[in-house]
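Fancy some practice at reading a structure? Grab a pencil and try each task before you peek at its solution.

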Amino acid sequence: MNAENRNWVAVGALDDIPRQGARVVKTLAGCIAVFRTADDEVYALDDRCPHKGGPLSQGIVHGASVTCPLHNWVFDLATGLARGADEGSVAVTAAKVEGGQVLLAADDLARAARP
Amino acid sequence: MTKPKLVIVGNGMAPGRMLEFLFDNSPDTFDVTIFNAEPRVNYNRLMLSPVLSGEKCYDDIITHGNDWYAQHNVTLHKGAKVSMIDRAAKTVTSENGLTAAYDKLVVATGSNPFIIPLPGKELDGVLTYRDLEDVEKMLDAAQRGGRAVVIGGGLLGLEAAAGLKMQGMDVTLLHLMPTLMERQLDPAAGHLLAEEFKRRGIDVLLKANSHEILDDGTGRVGAVRLDDGTKITANIVVMAVGIRPATTLAQATGLEVNRGIVVGDDMRTSDPDIFALGECVEHRGTCYGLVAPLYDMAEVLADNLAGGHSAYTGSITATKLKVTGVDLYSAGDFAEGDDREEIVLRDAAAGVYKRLVLKEDRIVGAVLYGETADGPWFFDLLKKRADVSEMRDTLIFGQAYQGGAPLDPTAAVAALPDDAEICGCNGVCKGKITKTITEKGLTSLDGVRAHTKASASCGTCTGLVEQLMQLTLGDAYNPAAVQPMCGCTQLGHDDVRRLIKSKGLKTIPDVMQQLEWSSSGGCAKCRPALNYYLVSDWPDEYADDYQSRFINERAHANIQKDGTYSVVPRMWGGMTSSTELRAIADVVDKFEIPAVKVTGGQRIDMLGIRKEDLPAVWADLGKAGFVSGHAYAKGLRTVKTCVGTNWCRFGTQDSTGLGVRIEKFMWGSWTPAKVKMAVSGCPRNCAEATCKDVGVVCVDGGFEIHFAGAAGLDIKGTEVLGLVKTEDEALEHIVAVVQMYREQGHYLERIYKWARRIGYDEVRRQIVDDAGRRAAYFDRFVFSQKFAQVDPWSERVSGKDKHEFNPLAIVSAEAAE
């Protein structure tokens with residue numbers, strides 16, 4: 001689908017997420033972690049580490065990466081791919097900011113909602 | 001019988017070293033009195049440059065603290081400049097009216113910086129570079145910014161220029177000669193050095209003859225004018241053009257003086273009861289300004305004072321430049337001559353230049369730039385006048401290339417003879433180091449430094465010393481090579497902590513910028529460490545960065561494998577009551593908490609709580625009087641106790657009361673890693689205090705304080721810190737040792753690892769033996785507690801960090817379609 005034509009769902013204000021932090025968006029299927037970097041980029045990943053299910057939203061955000069709080073796996077926020085020696089990935093939900101509001105792509109959320 | 005009186009005029013490095021030799025080899029020979037014109041104890045003058053550049057502080061460079069003088073019964077008069085020696089009456093008198101009689105007198109007045117007789121030399125802002133006052137004045141000027149003009153392109157001038165640049169000033173370096181350090185370097189190396197300084201943003205003007213220093217109109221320095229008319233604006237002018245032996249006192253006393261105070265090979269002046277050493281003397285026509293010869297003299301003089309017959313026959317000197325990032329070594333004589341040959345190696349890409357000057361198959365001079373590891377080896381060959389014809393073809397490549405295949409560095413050190421000099425600053429040879437390691441059972445670099453002084457001054461031979469330790473100890477030595485903190489920096493924890501203090505860095509982005517972090521936002525390893533260091537170092541100024549804390553310290557509960565949390569309220573000293581237990585039971589029922597467990601630290605853990613329930617759980621616990629137990633924190637956890645004299649028939653003290661008191665005093669403090677304590681009421685030790693980070697075992701006579709135990713990954717019994725009589729003293733000692741650890745520990749390094757790293761005796765020395773330091777640590781802890789002792793749970797019940805506990809949004813199926 002052309003990104004321009006996607007439907008977007010507003011989930012809250014950018015300022016509700018701390019810089020270098022994350023908040024959780026609950027969906028029927030599970031939680032999405034929405035990250036805000038130091039330079040106000042926004043990313044969204046499934047809130048579940050592929051290693052042992054750790055909540056990535058609780059990790060430390062550095063650059064465009066997050067470190068899982070349970071066993072320190074590091075994920076690239078843009079691609080969802082594990083960094084370093086670890087292998088694995090988490091699903092990415094497209095995210096953007098418009099007018100101070102954080103928007104998530106509806107079709108990605110729907111996919112998350114229908115596992 | 002009274003001991004003969006030894007009086008020393010001057011308290012610099014040479015007499016300091018001389019006394020060490022004297023006390024080591026002939027203790028109790030003399031009653032020693034020192035007159036020091038400077039108002040302080042003895043420090044390492046070689047290390048002024050790192051102080052100027054901010055890489056070290058004054059405390060780091062003290063060689064003999066107050067306790068050293070006390071321990072050796074030395075009377076030290078600080079700020080007492082000797083104005084008169086009465087050779088007939090055998091007394092000395094200071095300007096402030098102190099008089100002391102001597103049987104033997106040592107004159108060690110050192111040297112004075114040479115002031116170029118330029119018009120304007122007396123203006124405010126014209127400085128020299130000689131002692132700590134000078135450094136303080138330069139640092140003070142650097143704070144205000146502007147331009148510094150440094151006159152003199154020798155060792156001191158270069159170090160001053162580099163240091164001032166690092167402190168943020170614009171710097172112009174003026175040198176009269178066509179190349180820098182022309183007395184130690186040949187023109188090629190001098191050129192490389194000038195290029196390096198220019199790369200650092202320092203303006204280097206060669207063949208620059210200063211003409212006058214101009215007034216800015218207020219009696220302060222405004223500019224420097226050169227002979228060719230060039231005018232350079234200047235906020236300060238540093239003259240670093242050399243030193244002159246300080247001989248005024250000796251001259252007034254009628255001792256024989258040429259350029260310096262004339263001494264014979266036995267270090268005696270023209271008066272048989274008066275000796276001299278250091279930079280003030282002239283020996284066989286030579287005056288020395290480097291430290292190694294002074295130490296040679298010190299050893300000879302110490303022996304002669306004790307009745308020996310040693311002779312000093314002069315020194316060949318080697319020089320190292322102490323500017324971080326510039327490796328430069330030179331030794332001997334490298335002038336060209338018909339009877340001399342030279343071997344030169346250049347590697348422009350690597351910035352390496354090496355030159356050896358040979359005469360009759362022997363090395364007479366060596367200049368190394370960019371790569372100096374072989375310096376001591378060349379210097380050794382030079383001093384021994386070793387015939388190098390056999391290895392001439394490969395000599396320049398260094399020791400590793402002699403005798404076939406390249407050797408590893410340890411093998412190169414192994415090949416050095418026992419009398420090869422390892423530490424040039426302190427004149428320590430290989431044999432002395434290996435022998436001391438074996439005899440004293442040393443396993444740490446700090447231990448070797450403490451016992452031999454090797455690598456304890458400028459530190460550039462640290463690598464060699466470590467290789468020697470490796471060699472001597474084999475696998476038992478775990479090289480303390482500086483481990484970078486994480487992949488974002490080359491710096492180790494110690495360097496980062498020191499630079500945070502010395503550069504006054506007060507935010508994480510500031511640290512990353514100033515210390516040249518290689519990543520944009522750090523990583524999950526360095527960010528929590530930096531956050532801790534800043535919290536610990538600037539308790540009143542630093543704004544804690546929650547996003548740099550591990551989730552447990554952000555959520556104030558322990559994350560569990562399923563993403564739920566556990567909650568442990570504080571039970572002071574492990575004491576509780578029916579009301580508290582009832583409140584816990586009610587909370588467990590209300591929030592359907594699936595598991596409740598008694599912890600090893602004498603309190604109760606509630607496991608499996610949903611994150612969004614945490615504030616409500618805390619609200620209910622708070623109503624019953626509970627505060628956070630910090631069971632999740634790199635901070636003070638529990639103080640375990642036994643019932644002591646309250647109930648126990650064996651109890652010797654109120655161990656419960658002391659435990660509660662310690663916990664109430666120290667809760668809320670952040671530490672490098674968790675801190676668990678215990679207080680046992682008698683040596684039966686029911687609270688298991690002897691495997692804790694800090695423990696107390698009460699005895700009839702008082703309180704035995706323990707530290708550095710472990711009962712986790714490692715099992716280790718505690719070390720005894722000391723025995724004190726009262727509860728107040730016990731609290732002061734405990735707080736002080738924890739504060740020392742807070743200031744020095746590496747993040748995530750438990751007390752037992754920190755103490756092993758720095759040495760148990762060092763901890764005892766600072767905490768038990770030095771009441772002043774102990775009080776200072778205590779006061780700094782108390783100050784930091786003003787900002788730390790806030791219950792994080794009640795804050796969050798009141799709404800702080802609400803976002804942490806609630807979802808941002810709940811998206812229904814319809815919205816997502």
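Below are five exercises with worked solutions, and the model they use is a predicted one.

**Exercise 1**

Work out which strands stand at the edges of the sheet with the order 30-31-33-32 in chain B.

*Solution.* Start with the overall layout: this is an open sheet of four strands with antiparallel pairing. The edges are taken by strand 30 (558-559) and strand 32 of chain B, each with a single partner strand, so one side of each has no neighbour in the sheet.

Next, walk through the pairings. Strand 30 of chain B is joined to strand 31 of chain B by two bridges, in the antiparallel sense; here Ile559(B) has Tyr565(B) as its bridge partner. Strand 31 (residues 565-567) of chain B then runs antiparallel to strand 33 (residues 604-609) of chain B, again with two bridges, and Val567(B) sits opposite Met606(B). Last comes strand 32 (residues 595-598) of chain B, which is paired with strand 33 of chain B over four bridges. One of the residue pairs here is Val598(B) with Ile604(B).

**Exercise 2**

Stay with this sheet: find the hairpin, and then the helices that lie on the strands.

*Solution.* The hairpin is formed by strand 32 and strand 33 of chain B, with five residues between them. Look in the turn for Gln602(B), whose phi is positive, at about 65°.

Now for the helices. Helix 18 (residues 578-590) of chain B packs on the sheet and touches strand 32 and strand 33 of chain B; its direction makes about 10° with that of strand 33 of chain B. Helix 19 (residues 614-623) of chain B lies across strand 31 and strand 33 of chain B, running at about 10° to strand 31 of chain B.

**Exercise 3**

Describe how helix 11 and helix 13 of chain B pack.

*Solution.* Two packed helices are described by the angle between their axes and the distance between the axes. Helix 11 (residues 430-440) of chain B meets helix 13 (residues 462-473) of chain B at an angle of about 50°, and the axes are 10 Å apart. That angle makes helix 11 of chain B oblique to helix 13 of chain B. The crossing of helix 11 with helix 13 of chain B is right-handed.

Then check who touches whom. Helix 11 of chain B brings Lys430(B), Ile433(B), Thr434(B), Ile437(B) and Thr438(B), while helix 13 of chain B brings Val465(B), Leu468(B), Met469(B), Thr472(B) and Leu473(B). Sorted by class, the residues of this contact are six nonpolar, three polar and one charged.

**Exercise 4**

Which sheet holds strands of both chain A and chain B, and where do the chains pair?

*Solution.* Go for the open sheet of five strands with the order 8(A)-4(A)-3(A)-2(A)-41(B) and mixed pairing. Strand 8 (92-93) of chain A and strand 41 (809-810) of chain B stand at its edges. Strand 2 (residues 21-26) of chain A pairs with strand 41 of chain B in the parallel sense over two bridges, and Val25(A) has Ala809(B) as its bridge partner.

**Exercise 5**

Take the rings of Phe23(B) and Trp68(B): what kind of pair do they make?

*Solution.* The structure holds 16 aromatic pairs over all chains. For Phe23(B) and Trp68(B), the ring centres are 5.7 Å apart and the planes are at 50°, so the pair is tilted. Phe23(B) belongs to helix 1 (residues 13-25) of chain B and Trp68(B) to helix 3 (residues 66-71) of chain B, so the pair ties together parts that are 45 residues apart in sequence.

Technical notes:
Residues are numbered from 1 along each chain as its sequence is written. Chains are lettered from A and ligands numbered from 1 in the order in which they are written. This is a predicted model: local features need pLDDT of at least 70, side-chain atom pairs count only at pLDDT 80 or more; totals for chains, interfaces and linings use all residues. Side-chain values use heavy atoms; hydrogens and water are left out. Axes are lines fitted to C-alpha atoms, for helices over the stretch in contact, and angles run from 0 to 180 degrees between N-to-C directions. Angles under 35 degrees count as roughly parallel, over 145 as roughly antiparallel, 65 to 115 as roughly perpendicular and the rest as oblique. A crossing is left-handed if the near helix is turned anticlockwise from the far one by less than a right angle, and right-handed if clockwise. Contact means heavy atoms within 4.5 Å. Ala, Val, Leu, Ile, Met, Phe, Trp, Tyr, Cys and Pro count as nonpolar, Asp, Glu, Lys and Arg as charged, and the others, Gly among them, as polar. Two strands pair if DSSP finds at least two bridges between them. Rings of Phe, Tyr and Trp (its six-membered ring) pair if their centres lie within 6.5 Å; planes under 30 degrees apart count as stacked, over 60 as edge-to-face and the rest as tilted.
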